[in-house]
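Subject: Structure handover

Hi,

Here is the structure for you to load. My notes on what turned up follow below it.

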Amino acid sequence: MLLLVSPDGVEEALDCAKAAEHLDIVDVKKPDEGSLGANFPWVIREIRDAVPADKPVSATVGDVPYKPGTVAQAALGAAVSGATYIKVGLYGCTTPEQGIEVMRAVVRAVKDHSPEALVVASGYADAHRVGCVNPLALPDIAARAGADAAMLDTAVKDGTRLFDHVPPDACAEFVRRAHASGLRAALAGSVKQADLGPLTRIGTDIVGVRGAVCAGGDRNTGRIQPHLVAAFRAEMDRQAREHAAGVPAVN
Ligand SMILES: O=C[C@H](O)COP(=O)(O)O
């Protein structure tokens, strides 16, 4: 399982760089613009320059509206700025068809420019609270649009977590559907260390965090702490070892 960590700017990205050996993907976002809030192109570029070259930079394109042209341009902007994972939060899409239309436009815009870039279609575990497309529809949306990964995050950052809205069994079904379509499955949403057991066992490919590696566990007022990134990775590694050894689950 890969670890994606979301700094909110260059300063925090430098803290991620200090913990680079413990993480796999640096994910640029602007949390004050939403769960998958998009940051400025120059911030993506600065962060690309600040983190080790072997660490891919991901960028969120925003909690996007159902406007395929607008979103395709924004996604291209993220790719041009140096991101190699392009994450789109299908916030304004109320049907799978709308999600597919947006994601097809994004895939074309991104891959025409950077064929090696990976496009991630993200939905929301708490979609029922914001009226967007059902979380379990994301693997099919991503696959039919030609994206590379399906992801879930939470739209409302109020302390509720991924598993509060999509329990582990349903997340397992999400991962199964993604893998059946040849996609990577990424899961996030106020994920804590205690969630890593189930996330490992269901075969999650990428776990995304911010709050869990910020001081005080607070994604808004806390800053990313390199030692918390290291501790999170240590628990990931422990869970991976236990899973590989067939140790019975305790959480
Ligand atoms: O992409 C991952 C998100 O940044 C997760 O943030 P969070 O762990 O604070 O919910």
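Two residues are in contact here if their C-beta atoms, placed from the backbone, lie within 7 Å. Keep that cut-off in mind for the neighbour lists below.

The model is predicted. The chain averages a pLDDT of 96, and 99% of the residues score at least 70. The model scores are ipTM 0.97 and pTM 0.96.

**Overall fold**

The chain has 10 helices and eight strands. Its radius of gyration is 16 Å, close to the 18 Å that the globule rule gives for 251 residues, so the chain is as compact as a globular protein of that length. The C-alpha trace spans about 45 × 35 × 30 Å along its principal axes. Of the 251 residues, 50% count as buried. Take the contacts with a separation of 6 or more: residues 24 or more positions apart account for 68% of them.

**The two annotated lysines**

UniProt, in an unreviewed entry, lists Lys29 and Lys87 under "active site". They are spread over 59 residues of sequence, yet they cluster in space, with a largest C-alpha distance of 9.8 Å.

Where does Lys29 lie? It sits in the loop between strand E2 (25–28) and helix H2 (41–50). Lys29 counts as buried because it has 28 C-beta neighbours inside 10 Å, and the cut-off for buried is 20 or more. Setting aside residues up to four places away in sequence, Lys29 touches Ser6, Asp8, Leu36, Gly37, Asn39 and Thr60.

Lys87 lies in strand E4 (residues 85–89). Is Lys87 buried or exposed? It is buried, because 31 C-beta neighbours fall inside 10 Å. With residues up to four places away left out, Lys87 touches Leu36, Ser58, Ala59, Thr60, Val61, Val120, Ser122 and Met151. Leu36 and Thr60 appear in the list for Lys29 and in the list for Lys87.

**Asp153**

Asp153 is found in strand E6. Asp153 also counts as buried, because it has 28 C-beta neighbours inside 10 Å. Beyond its neighbours within four places in sequence, Asp153 is in contact with Ser35, Leu36, Ser122, Tyr124, Ala125, Ala188, Gly189 and Gly208. Leu36 and Ser122 are contacts of Asp153 and of Lys87. For a distance check, the C-alpha atoms of Asp153 and Val61 are separated by 14 Å, with these positions 92 residues apart along the chain.

**The ligand**

Which residues come nearest to the ligand? Of the 16 around it, they are Ser6, Ala188, Gly208, Arg210 and Gly211. By class, the shell has five nonpolar, six polar and five charged residues. Some of these names recur above: Ser6 is a contact of Lys29, while Ala188 and Gly208 are contacts of Asp153.

**Helix H6**

Helix H6 covers residues 138–145 and is mostly covered, with six of its eight residues buried. Those are Leu138, Pro139, Ile141, Ala142, Ala143 and Ala145. What do they pack against? The partners are helix H4 (96–113), strand E5 (118–124), strand E6 (149–153) and helix H8 (168–180). Strand E6 is also where Asp153 is found. After H6 comes Gly146, whose phi is positive, near 85°.

That is the full set of notes.

Best wishes

Notes:
Residues are numbered from 1 along each chain as its sequence is written. This is a predicted model: local features need pLDDT of at least 70, side-chain atom pairs count only at pLDDT 80 or more; totals for chains, interfaces and linings use all residues. A residue is near a molecule or strand if its C-beta atom, placed from the backbone, lies within 6 Å of it. Ala, Val, Leu, Ile, Met, Phe, Trp, Tyr, Cys and Pro count as nonpolar, Asp, Glu, Lys and Arg as charged, and the others, Gly among them, as polar. A residue is buried if 20 or more other C-beta atoms lie within 10 Å of its own, exposed if 12 or fewer, and partly exposed in between; C-beta atoms are placed from the backbone. Helices (H or I, at least four residues) and strands (E, at least two) are DSSP runs, numbered from the N terminus. pLDDT is the predictor's confidence in each residue, from 0 to 100. UniProt positions are given in the numbering used here, feature names are shortened, and annotations may be inferred rather than shown by experiment. The radius of gyration is taken over C-alpha atoms; the globule rule is 2.2 Å times the number of residues to the power 0.38.
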